[in-house]
Amino acid sequence: ADGRGLDGREARTDMERSFARIAVAVKNQDTREHDIVDSDDYFQYHGGMVAMVRHLTGAAPAAYVGDSAMPHDVRTRTLGEETRRVFRARVVNPKWIAAMRRHGYKGAFELAATVDYLFGYDATAGVVDDWMYEHLAAAYVFDAETREFLERSNPWALRGITERLLEAADRRLWAEPDPATLDRLRDTYLASEGDLEETQ
């Protein structure tokens with residue numbers, strides 16, 4: 001804690017007492033240049049707040065995202081609604097994926113980072129539905145054009161995406177994955193590992 005007469009002192013108990021009173025966790029967004037799965041910051045502080053309140057109280061707070069990117073049309077959505085909106089609008093949007101393919105190594109990194117950030121928000125706040133994980137596998141790993149792009153431009157990104165999806169299933173974040181999808185992901189991961197070992 002810092003403040004008048006305080007030059008930094010341990011205050012975990014005070015912080016936990018404050019967090020235990022939180023009923024609503026809100027993240028305000030005032031730009032369309034970024035979205036909630038564009039950076040790890042969002043799930044670290046917003047998702048982290050949800051996780052901490054759940055840890056302290058046994059119940060998750062209500063979680064909302066305030067959208068004031070258009071000041072004349074301010075919207076408030078639940079975190080789940082916002083996650084689904086961003087997922088459809090960008091994450092699995094074929095135009096966005098195609099744009100990432102034009103950016104080579106860095107574009108592949110962005111695909112992998114997006115999967116990481118979704119996973120992080122799900123691990124902290126439980127906002128990714130099973131159908132979203134299925135769509136990620138289909139669009140990022142099983143789509144022939146995107147798969148070839150990842151293998152050529154950044155095979156580490158392909159391995160990372162596949163590994164993260166398998167981890168989501170192992171941790172039961174992806175609660176009921178299709179067994180055939182998991183088999184294909186495991187095959188992809190093993191093939192990716194083999195390819196990377198051959199190039200080292």
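## A tour from Ala-1 to the aromatic pairs

Select Ala-1: at 39% relative accessibility, Ala-1 counts as partly exposed, a class that lies between buried (under 20% relative accessible area) and exposed (over 50%), with a 1.4 Å probe and protein chains only. This is a predicted model, in which local features need pLDDT of at least 70 and side-chain atom pairs count only at pLDDT 80 or more, while totals for chains, interfaces and linings use all residues. Residues are numbered from 1 along each chain as its sequence is written, and side-chain values use heavy atoms, with hydrogens and water left out.

Ala-1 sits in the segment before strand 1 (2-3). Show its contacts (heavy atoms within 4.5 Å): leaving aside residues up to four places away in sequence, Ala-1 touches Leu-6, Gly-8, Arg-9 and Ala-11. Then add Met-15, which is 14 residues from Ala-1 in sequence and 8.9 Å from it in space, C-alpha to C-alpha.

**Whole chain**

Zoom out and colour by secondary structure. The protein has 9 helices and 5 strands; these are DSSP runs numbered from the N terminus, helices being H or I with at least four residues and strands E with at least two. From the N terminus, the order is β-β-α-β-α-β-β-α-α-α-α-α-α-α. Along the principal axes, the C-alpha atoms fill a box of roughly 60 × 40 × 35 Å. Of the 200 residues, 40% are buried. Among contacts with a separation of 6 or more, 67% join residues 24 or more positions apart.

**Largest pocket**

Select Arg-32, His-34, Asp-35, Arg-85 and Val-86. The largest pocket has a volume of about 180 Å³, and these five are the closest to its centre of the 14 residues that line it. A pocket here is an open set of points on a 1 Å grid over the protein atoms alone, where a 1.4 Å probe fits, with protein on both sides within 12 Å along at least five of seven lines; lining residues have an atom within 4 Å of a point. The volume is the space filled by probe spheres set on the points, which are joined across faces, edges and corners. Add helix 3 (residues 79-91), which gives the most to the lining, with 5 residues.

**Nonpolar core**

Go next to Tyr-140 and Leu-165, which have the most contacts inside the largest nonpolar core, a set of 49 residues. Such a core consists of buried Ala, Val, Leu, Ile, Met, Phe, Trp, Tyr and Cys residues joined through side-chain atoms within 4.5 Å. Helix 5 (residues 104-125) gives the most to this core, with 10 residues. Not counting residues up to four places away in sequence, Tyr-140 touches Val-91, Trp-96, Ile-97, Leu-111, Thr-114, Val-115, Thr-146, Leu-150 and Ile-161.

**Aromatic pairs**

Now show the rings: there are 3 aromatic pairs. Rings of Phe, Tyr and Trp (its six-membered ring) pair if their centres lie within 6.5 Å; planes under 30 degrees apart count as stacked, over 60 as edge-to-face and the rest as tilted.

Select Phe-87 and Trp-131. Their ring centres are 5.5 Å apart and their planes stand at 90°, so the pair is edge-to-face. Phe-87 is in helix 3 and Trp-131 in helix 6 (residues 130-142), 44 residues apart. Phe-87 is buried at 0% relative accessibility, whereas Trp-131 is partly exposed at 29%.

End at Tyr-133 and Trp-174, whose ring centres are 5.4 Å apart with planes at 20°, so the pair is stacked. Tyr-133 lies in helix 6 and Trp-174 in the loop between helix 8 (155-170) and helix 9 (179-199), so the pair ties together parts 41 residues apart in sequence. Both Tyr-133 and Trp-174 are buried.
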